[in-house]
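Student: Please take one part of this model and go through it closely. I would like the nonpolar core.

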Amino acid sequence: MSEQDIRRIAAEVLAGIAPEADLSTLGDDEDLREALDLDSMDFLNFVIGLGQRSGLNIPEADTPRLRTMRGVVACLSQ
Amino acid sequence: MADFLMPALGADMETGKVVQWLVKTGDRVKRGDVVAVVETHKGAIDVEIFLDGIIGDLAPLGEALPVGAVLAHVLEAGQEHVARDGTAAPAAPTHPSPAPAPGTAAVAGTRAKVSPAARHRAQSLGIAPDLLHGTGPDGTVTLSDVVLAAAQPTPLPAEAAPRRGFDAALMRQAIASAMSRSKREIPHYYLASTIDFGEAAAWLEAWNGDCAPEDRLLPAALLLKATAQALAKVPQLNGFYDKGAFRQGPGLHIGWAVALRGGGLVAPAIHDVDRKTMPELMSALRDLVQRARAGGLRSSELTDPTITVTSLGDRGAESVFGVIYPPQVAIVGFGRIAERPWVVDGRVVPRPALAASLAGDHRASDGHIGGLLLEAIDRALQVPEKL
C-alpha cells in the first residue's frame, strides 16, 4: 500500500470518529489522541477501522505505534 | 384500551417531540418494539412500547408534548378476544387502517363510543373503530367517520425522517437542571480507594494479545463487570430513592457515562451487566457509545439505569467524584489507570493503580455500605478470570 493510500484510509477512519476534526493541521508526529481528543474507545475504533480498510492484521503490540500519523504510515506500509 | 405515553427519558426531561412514527394505525405491536422516534435534549431517541396489541390514534408529528402525554392508544391482546365475538374491533385488520387526521389524535382518554352502524361498517372494512376520531355527539364514532377513514390513503412509512444529533445548548440546560436538582436534594457522601489493577492488566494483555482488534477488550469492560458483581453483593446501592424510601432496582442495569464530542454527557444503561460475558459486554459498550454519539439510543436505555459508572479512560484525570443522577442513589467513578509505587510483601514495586470512588445518597445508605461496595469491586478485579 502506498503512503498516499494509507493517509487516505487513516483520514477516512478518523472522519468517522471525529467528524469535526481538521486533519490538514495535524502534524505527522502529533499524538492523535491528544490532537483529536480521542478516548480509549475512539482509539480502539481507529485501530479496528485501519485493520478493516487495509485488510492488514494489526497485532496488539503494534498499536502504540499508531498514535501518530508517521507511525500509522510506517506500520501499515510494512 | 391502553395508553402509550410520552416516556420520561431521564429526570431532566419535560417535553419531547415525536419526529417519526415507525408504525401506522392498525399495526400490531408487541413489548419491546421500537414504534417512534422522539426528539429530546439527548438527541433523537428510539422509543419502545411495552404493550401488546393493535396501535392507533397516533399523536401528530413535531409537537412538543409533555412527559406522560398520550402518544397513541393500544387495543390490548386480551381485548381482541372480545372482538372475535363481534362486540368490539376486529383482531387483525385485513388492510392497514389510515392514520387519524393531524391534530385530532392523542386526546381521547377513555374507550371511544362507536355507533352500531359505524361498528358494523368498520368490521366489514377491517378497521378498528375504537381507534378512530369520532365527530358525533360526545365524540361518538359515526358511520361517516368510518367511511372517511377508509377513504384516506394509507400513509407511507416515513423512512426519510430527520435523525438529528443532540442540540448542545439544550443538553447543557438539561444537565444543569438534573445536576442542580441532585445537589439540592441529595445529601452526597464520598468515598475513595486505590485499587491494584496489576492482575486485571496482565489478564487483559494476555486476552488481547491473540485477538483481532474488533475482539479486543478495554479496561472499561472489566470495570463494568466488577461493579456489577460488587452490586450483586451490595444491592443497597443499586436502585432508586423515590417517595421517601429506597427501592431496589429490578436488575443490574448500569448507566455508562459517555462524553459527547462538542460537549455534553449521557449515561444510558447496559442492561443485565451481571449476565453478560466479557466479549458481550465489550460489544454492548462499543455499540452503546457509538449510538450515544451518532443518535439511536433506545428509550429503555435512558429510563432503566439503576446506578451510574463514570470512567475517565486512559487520558483522564487521576480520580473523579461523581454527582448522582436522580432518582439513582449512587455513582461509581474510575480515574485513569497509572503506574504507582505499591507495597507488596514489604517491598515497593511499580503497579498499575486505579482510583475508584463512590458518591452515595445518604438518605438511602451510609458510608459503611459504600465502603463494602468499593471493597467488593477491588476483590472482583483481583480475579479477572472470574469476571
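Tutor: Here is the core, followed by the domains around it.
This is a predicted model, where local features need pLDDT of at least 70, side-chain atom pairs count only at pLDDT 80 or more, and totals for chains, interfaces and linings use all residues. Residues are numbered from 1 along each chain as its sequence is written, while chains are lettered from A and ligands numbered from 1 in the order in which they are written.

A nonpolar core is a set of buried Ala, Val, Leu, Ile, Met, Phe, Trp, Tyr and Cys residues joined through C-beta atoms within 7 Å. Buried means that 20 or more other C-beta atoms lie within 10 Å of the residue's own, with C-beta atoms placed from the backbone; exposed means 12 or fewer, and partly exposed is in between.

The largest such core has 101 residues. Those with the most contacts inside it include V74(B), A221(B), W256(B) and A330(B). Helix α6 of chain B (residues 219-233) gives the most to this core, nine residues. Helices (H or I, at least four residues) and strands (E, at least two) are DSSP runs, numbered from the N terminus. Domain 1 (2-151) and domain 2 (168-386) of chain B each supply at least three residues to this core. The bounds come from an automatic or database domain assignment.

Now take I254(B). Leaving out residues up to four places away in sequence, I254(B) touches L224(B), T227(B), A228(B), A269(B), I270(B), V273(B), P305(B), I307(B) and V309(B). Contact means C-beta atoms, placed from the backbone, within 7 Å.

Next, the domain boundary. In chain B, 15 residues of domain 1 are in contact with 19 residues of domain 2. Strand β5 (residues 43-48) of chain B gives the largest share of the domain 1 side, six residues.

Key
Contact = placed C-beta atoms within 7 Å.
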